[in-house]
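The report that follows goes through one chain, beginning with its cysteines and then moving on to confidence, helix packing and individual residues.

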Amino acid sequence: MSGLCLLVSLAGSTYAFGIFAPLLTKHLGYTQKSLDIIASVGNSGLYVSLLVGFAVDMYGVHSVVRFGGALVFVGLTYIWLSIQQLIPTNPILLGLFYFVAQTGSCCHISTAVTAAVRIFPAQGKGTAIGLVKGYFGLSTAVLANLSIGYFTTSPSMFVLFIAILIPITGERIQ
């Protein structure tokens, strides 16, 4: 259970958009409307949980966690490359890659809930799911503290850091 909580306490990068959104304005000159488009398209990636649930049933928890880690890595690495201006981009393309990253987060939260349901007996399932969802909700606080504590001088590196950390954490808890 502690591994599941660790995974979801980092997987909530959805709510951490506000941490790196100012970089998109600063480095790419995006307006608030552009940021709204990126955030809206990206956040809809969390709503594919039904498909993720089918994937968990077909391929198992470990495969879906690995796949989710790959999605997070690809999506957030693209955002980091865009912030560094190493590749050309636009708000729609950034939104699509943010969608990919958030679909990866959806894979992590959905598999964590599925694992909690499978592990605990009937009388403990509610508590287990509540813990997993609670840690997911607190994940922004964890990510914000990491950002403030270690990345104040180079905030763009925070995006790369979570692009690497989240998949590694998913791989290590299996």
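A disulfide is counted here when two cysteine sulfur atoms lie within 2.5 Å of each other. In this predicted model, the sulfur of Cys107 has its closest cysteine sulfur in Cys106, at 6.0 Å, which is too far for a bond. The converse holds for Cys106, whose closest cysteine sulfur is that of Cys107, again at 6.0 Å and too far for a bond. By this rule the count of disulfides is zero. Both cysteines are nevertheless buried: Cys106 has a relative accessible area of 1%, and Cys107 has one of 3%.

How far can the coordinates be trusted along the chain? The mean pLDDT of the chain is 87, and 97% of its residues reach 70 or more. Confidence is lowest in helix α1, residues 2-11, where the mean is 73, and highest in helix α5, residues 61-83, where the mean is 93. Where pLDDT is low, the predicted coordinates should not be read in detail.

Helix α5 also takes part in a helix pair. The axes of helix α4, residues 49-59, and α5 come within 7 Å and cross at roughly 130°, and the two helices are therefore oblique to each other. On the α4 side the contact is made by Val52, Ala55, Val56 and Tyr59, and on the α5 side by Val61, Ser63 and Val64. By residue class, the contact of α4 with α5 divides into six nonpolar residues, one polar residue and no charged residue.

Another residue of α5 is Ser82. With a relative accessibility of 0%, Ser82 counts as buried. Once residues up to four places away in sequence are set aside, Ser82 touches Leu28, Ile87, Thr89 and Leu94. In the loop between α5 and α6 lies Gln85, which has a positive phi of about 60° although Gln85 is not a glycine.

Leu28 appears again among the contacts of Leu23, which touches Leu28, Ile83, Pro155 and Ser156 when residues up to four places away in sequence are not counted. Leu23 is placed in helix α2, residues 17-28, and is buried, with a relative accessible area of 7%.

Which residues surround His108, beyond its neighbours within four places in sequence? They are Leu7, Val8, Ala11, Val65, Gly68, Gly69, Val72 and Ile166. His108 itself is in helix α6, residues 91-119, and with 0% relative accessibility it counts as buried. Of these partners, Leu7, Val8 and Ala11 fall in the residue range of α1, the helix of lowest mean confidence in the chain, and the details of those contacts are best read with that in mind.

Helix α6 also holds Ile119, which counts as exposed at 55% relative accessibility, since exposed means over 50%. Ala128, by contrast, lies in helix α7, residues 125-150, and is buried, with a relative accessible area of 3%.

The table sets sequence separation beside C-alpha distance for three pairs of residues.

| Pair | Separation in sequence | C-alpha to C-alpha distance |
|---|---|---|
| Leu23 and Gln84 | 61 residues | 9.5 Å |
| Ala128 and Ala112 | 16 residues | 9.8 Å |
| Ile119 and Leu146 | 27 residues | 30 Å |

Read together with the burial values, these pairs involve residues in distinct settings: Leu23, buried at 7%, is 9.5 Å from Gln84 across 61 residues of sequence, whereas the exposed Ile119 is 30 Å from Leu146 across 27 residues. The remaining pair joins the buried Ala128 with Ala112, at a C-alpha separation of 9.8 Å.

Terms used
Residues are numbered from 1 along each chain as its sequence is written. This is a predicted model: local features need pLDDT of at least 70, side-chain atom pairs count only at pLDDT 80 or more; totals for chains, interfaces and linings use all residues. Side-chain values use heavy atoms; hydrogens and water are left out. pLDDT is the predictor's confidence in each residue, from 0 to 100. Helices (H or I, at least four residues) and strands (E, at least two) are DSSP runs, numbered from the N terminus. Buried means under 20% relative accessible area, exposed over 50%, partly exposed in between (1.4 Å probe, protein chains only). Contact means heavy atoms within 4.5 Å. Axes are lines fitted to C-alpha atoms, for helices over the stretch in contact, and angles run from 0 to 180 degrees between N-to-C directions. Angles under 35 degrees count as roughly parallel, over 145 as roughly antiparallel, 65 to 115 as roughly perpendicular and the rest as oblique. Ala, Val, Leu, Ile, Met, Phe, Trp, Tyr, Cys and Pro count as nonpolar, Asp, Glu, Lys and Arg as charged, and the others, Gly among them, as polar.
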